[in-house]
Amino acid sequence: MANRTADYVRVVEAITAQIRAGELKPGDKLPTYAQLADQYGISVSTAQAALRILRDRGLVEGHQGKGTYVAESGGSS
């Protein structure tokens, strides 16, 4: 098996790093699934999986019909 990081893990780690570094601040809107897919060269379903993990970790919040945003407590350590 190759030592390649799964695509969804790569996206989760990248967005988490941006939040931790303050590049993405609480309340900032994340790109759409399609935009993330284009940005990272992944499928839309992989982008959905990555954002689901970030939601489960409390780093982002989804708002039906409005998008996904960095959670208010997402940047604090």
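The following paragraphs go through the helices of this predicted model, their buried sides and the contacts between them.

Helix α1 covers residues 7-20. With 14 residues at 1.5 Å a residue, α1 should span 20 Å, and the 20 Å between its end C-alpha atoms agrees with that. Its buried residues are Val 11, Val 12, Ile 15, Thr 16 and Ile 19. These cover an arc of only 125° around the axis, so they lie on the same side of α1. The spacing of such positions follows from helix geometry: an α-helix has 3.6 residues a turn, so residues three or four places apart point the same way. The elements that the buried residues of α1 pack against are α2 (33-40), α3 (44-56), β1 (60-63) and β2 (67-70). After α1 comes Gly 22, which has a positive phi, near 85°.

Helix α2 has three buried residues to consider, namely Leu 36, Ala 37 and Tyr 40. Because their arc around the axis is only 105°, they are on the same side of α2. The face turned away from that buried side carries Asp 38 and Gln 39, which are exposed. On the buried side, the packing partners of α2 are α1 and α3. Gly 41 follows α2, and its phi is positive, near 65°.

Helix α3 has 13 residues, and the distance from its first C-alpha to its last is 18 Å, close to the 18 Å expected at 1.5 Å a residue. Thr 46, Ala 47, Ala 49, Ala 50, Leu 51 and Leu 54 are its buried residues. They pack against α1, α2, β1 and β2. Just after α3, Gly 58 has a positive phi of about 80°.

The next point is how the helices are set against each other. The axes of α1 and α3 are 9 Å apart, and the two helices pack at an angle of about 50°. An angle of this kind counts as neither roughly parallel nor roughly perpendicular, and α1 and α3 are therefore oblique to each other. The crossing in which α1 passes α3 is right-handed. On the α1 side, the contact is made by Asp 7, Tyr 8, Val 11, Val 12, Ile 15 and Thr 16. On the α3 side, Thr 46, Ala 49, Ala 50, Leu 51, Ile 53 and Leu 54 take part.

Thr 46, in helix α3, can be looked at on its own. Its relative accessible area is 19%, so Thr 46 is buried, the cut-off being under 20%. Apart from neighbours within four places in sequence, the residues in contact with Thr 46 are Asp 7 and Tyr 8.

The pair α2 and α3 packs at an angle of about 110°, with axes 8 Å apart. Angles of 65 to 115 degrees count as roughly perpendicular, and α2 and α3 are therefore roughly perpendicular to each other. In this pair, Tyr 33, Ala 34, Leu 36 and Ala 37 of α2 meet Val 44, Ala 47, Gln 48, Leu 51 and Arg 55 of α3.

The last residue to mention is Ser 73, in the segment after β2. With a relative accessible area of 49%, Ser 73 is partly exposed. Its C-alpha atom is separated by 9.7 Å from that of Lys 25, although the two residues are 48 residues apart along the chain.

Notes. Residues are numbered from 1 along each chain as its sequence is written. This is a predicted model: local features need pLDDT of at least 70, side-chain atom pairs count only at pLDDT 80 or more; totals for chains, interfaces and linings use all residues. Side-chain values use heavy atoms; hydrogens and water are left out. Helices (H or I, at least four residues) and strands (E, at least two) are DSSP runs, numbered from the N terminus. The expected span of a helix is 1.5 Å times one less than its number of residues. Buried means under 20% relative accessible area, exposed over 50%, partly exposed in between (1.4 Å probe, protein chains only). The arc is that of the directions from the helix axis to the C-beta atoms. Contact means heavy atoms within 4.5 Å. Axes are lines fitted to C-alpha atoms, for helices over the stretch in contact, and angles run from 0 to 180 degrees between N-to-C directions. Angles under 35 degrees count as roughly parallel, over 145 as roughly antiparallel, 65 to 115 as roughly perpendicular and the rest as oblique. A crossing is left-handed if the near helix is turned anticlockwise from the far one by less than a right angle, and right-handed if clockwise.
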